[in-house]
Structures are given as structure tokens and as C-alpha cells.
Amino acid sequence: MRLKKGPPDFVLFVTVLGLLGIGLIMVFSSSAVTANVDYKDAYHFFKRQLLWALIGIAVMIVIMKINYLRLKDFAVPLMVIALICLLLVETPLGLGAKGSTRWLGYGWARFAPSELIKLAMCLFLAKTMETKLPQIKSFTKGVLPFLLIMAVVCAIIMAQPDLGTSFVIAGTVFFMLLVAGARWSHLSLIAVSGLAAVFAAIQMADYRAERLIAFLDPWKYSTDQGYQTIQSLYALGSGGLFGMGLGRSRQKFFYLPEQHTDFIFAILGEELGFLGTSIVLALFLLFLWRGFKIAVKAPDTFGSLLAAGITISIAFQAAINIGVVCGALPVTGITLPFISYGGSSLLFTLAGVGLLLNISRYTHNS
């Protein structure tokens, strides 16, 4: 299929750069105290995040220039590589931190295979769902194969353990099946089964059950499982309408754990207030709108499914992170796309944006 190429979606491009810029500023502001104490360099985390951001932008631009239809040939190999990397995490090659083993690599040059699998899944599912589109109304032939793939991937990730990423992947698969045209009765069954699986996963690990109990009443468990949620709410509440001012957070002085990763949104709210958090939320909503618009206007089914999958994967992860920070969801340990510190997360997220921008070049009247 020959497609006429145009310019990429300018609004999406500017939105992503805006989120990325805010993220770099907040990574420095939220991590400076910790970096100065632990590494004698207040710019330690900022410099690494900036390097990954530059690499990610370069990757995004390269992917944006390749005809996305050519990437179909890489869908299966990339999925296999991602699965192998996930399995290698469970070997002595896996790197651990704070009770989880989620990384491969050495020193600072390490990456989380779970970030790669999210992108690989979107590409693989878009290709295979397009092939199986005539059978998508059938549960055994059109839906079950994708559920089995999802179950295998989520089971491996749960072993790390990483419930948050598993939830994002499951949500992405569910939404892509919805876009592909699966029956509502089948989707309802999947949703109920998914909730049962989440409940079972919580019961299998004491710390998850404790987090759920603490979520229901964090002040009752203020010295242990509820501590992080309470400190996050203190940060957001202290920010008020306009914030305490950039760099003036109090919670980053070792009160709020993971202040530059999972809970960076709380520091943003403390320093920039309701206005700052509203801007970030508006940018994510703008990203969601442009991503769905690209999916709707994509010239083929593969492009439409791929754009929808990438968009919901990023937006769903952002929604979970913000929900956790605001105390609306139990603590899951998942980062905020574009904003939180994390090299591999930023790299693969920007690679996904590159695919979105790529597809947007072949849409019309965007």
C-alpha cells in the first residue's frame, strides 16, 4: 500500500515537548536534595534524565520518518526479544532495587524490559488483530489468543513483582480489543475475570493486601503502609492554588519517598500548585485527544489499532500514577510518563510517540 506522506501532528509534537520540558524541570527540582546528599552532585539525576531525553527525542524523530507499514515485519521479532529480556530478568542477570528485580544492564546503563514489552505488545497486537479482524467476534478464535498472550506477559511481570505495569498492559489489550470490534459480552467477561485476577494477586502477597487496607484508611497506618499516601497528600495540600514556588518543596527533604519517580506529581503540586497540576492534566488530555484522532483518521486498520494502543497505554499509565498520588488508588509503584525520572521508561515512551507521529503523517485533514 502506497500512502501519501504529509507533516506530522504538530499539536501532538508540541504537547509531548511541553510534558518533557516540565518533566526535566521537576526531576531536577524534586531530586536535587537527594542527589546532593547521596552523590554530592545536585544535578546527578537531572543530567541522566537529560541524556535519556536527548536520546529519546533522536529515536522519536528517526521512527517518525520511517513508513510505519514497514514496521509490521518487526512486530513478531520485537515481541520475541522483549519476552526473552523479560525472562532474563528472572535470572542472575536481573538487577534489583527496593525489593523488585525489573532491570537488565550494568550501572546507570540499564533498562526495564517491562517498558519495552509495552511498546512491543502494541505493535504485535496491531499486526495480529488486523489479521484476525474477521474472527474478532468469536471468543475462541478472535479474543482468547490475545488473552493468553496477555496472561503470559502479565504473569512474567508479576514475578518481578510489578502489578502496576501488568495492569497497564491488561488495560491496553482490553482497549485494543474494543477498538478492533470485540463483542461487549466478551469484553464484560474479560473485565470481570481481570478484576478477579487482580484480587487474587493482592491476596497472594501480604504487602499488596496491606497497601489495599492502608488505602482505605491511610491515617490508621500512618507510620507504615499509609505513610507515602499521607505525605503525598500533604504535598498536594500545601501547594494550594499557585504553589509554594519552584524548588521550595518541603516534602522532598526526605519526607516523601520516591519523590522524583513515582510521586513526582506530588512535588509538582506542592511547588506549582493546582495551576501547575491542571496544566499537566490538560497536556495529557490533549495528548489523549490527538492520539485518538490519529487512530480514527489512520488510513488502515494496522495504523488505527497501533495508534489507539500506544495512546491508551501512555494515558492509562498517567491516570494510574496521578490516581495513586492523589490517594484515589492504592500505591502501585508506577511512574508518570514524560515527567518521572527513569531512562528506559522515557526512551520507550518517546519511541511510542514517534510511531504516533509517524502514523499522523499519513492521515488527512488532521
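**Notes on aromatic contacts, empty space and cysteines**

1. Tyr 39 has a relative accessibility of 45% and therefore counts as partly exposed, since that class lies between the buried limit of under 20% and the exposed limit of over 50%. The model under discussion is a predicted one, and the points below should be read with that in mind.

2. The aromatic pairs come to eleven in total. One of them joins Tyr 39 and Phe 45, whose ring centres are 5.7 Å apart and whose planes stand at 85 degrees, so that the pair is edge-to-face, as it is over the 60 degrees required for that class. On the Phe 45 side of this contact the relative accessibility is 9%, and Phe 45 accordingly counts as buried, whereas Tyr 39 is partly exposed. Ring pairs also link Phe 28, Tyr 43 and Phe 46 into a cluster.

3. A further contact to a ring involves a charge: the charged end of Arg 290 sits over the ring of Trp 289, at 4.6 Å from the centre of that ring.

4. Which residues lie nearest the centre of the second largest pocket? They are Met 150, Ala 170, Gly 194, Ala 197 and Val 198, out of a lining of 29 residues, and the volume of this pocket is about 780 Å³. Helices H5 (139-158), H6 (163-180), H7 (184-204) and H11 (301-325) each contribute at least two residues to the lining, and H7, with ten residues, gives the most. By class, the lining of this pocket holds 24 nonpolar residues, four polar ones and one charged one.

5. The search of the whole structure also returns four cavities of 30 Å³ or more, and the largest cavity has a volume of about 140 Å³. Helix H4 (113-131), H11 and H12 are the elements that give two or more residues to the lining of that largest cavity. The residues that line the largest cavity include Glu 115, Lys 118 and Cys 122, together with Ile 310, Gln 317 and Phe 348. By class, this lining divides into six nonpolar, four polar and two charged residues.

6. Two backbone positions deserve a look, because most residues other than glycine have a negative phi. Glu 258 has a positive phi, near 55 degrees, and is placed in the loop between helix H9 (227-239) and helix H10 (264-297); with a relative accessibility of 22%, Glu 258 counts as partly exposed. Phe 338 likewise has a positive phi, near 75 degrees, and is found in the loop between H11 and helix H12 (343-360). At 3% relative accessibility, Phe 338 counts as buried.

7. Why is Cys 154 not part of a disulfide? The closest cysteine sulfur, that of Cys 122, is 12 Å from the sulfur of Cys 154, which is too far for a bond, given that a disulfide requires the two sulfur atoms to be within 2.5 Å. The whole structure, when searched, shows zero disulfides. Cys 154 counts as buried, with 12% relative accessibility, while Cys 326, at 38%, counts as partly exposed. Cys 122, the partner in the distance given above, is also among the residues that line the largest cavity.

Definitions and conventions: Residues numbered from 1 in each chain as written. Predicted model: local features only at pLDDT ≥ 70, side-chain atom pairs only at ≥ 80, totals over all residues. Heavy atoms only, no water. Phe/Tyr/Trp six-rings, centres within 6.5 Å; stacked < 30°, edge-to-face > 60°. Buried < 20%, exposed > 50% of the residue type's maximum accessible area, 1.4 Å probe, protein only. Lys NZ or Arg CZ within 6 Å of the ring centre and 35° of its normal. 1 Å grid on protein atoms, 1.4 Å probe; cavity = no way out; pocket = protein on both sides within 12 Å on 5 of 7 lines; lining within 4 Å. Points joined across faces, edges and corners; volume = space filled by probe spheres on them. Helix = DSSP H or I, 4+ residues; strand = E, 2+ residues; numbered from the N terminus. Nonpolar A, V, L, I, M, F, W, Y, C, P; charged D, E, K, R; others polar.
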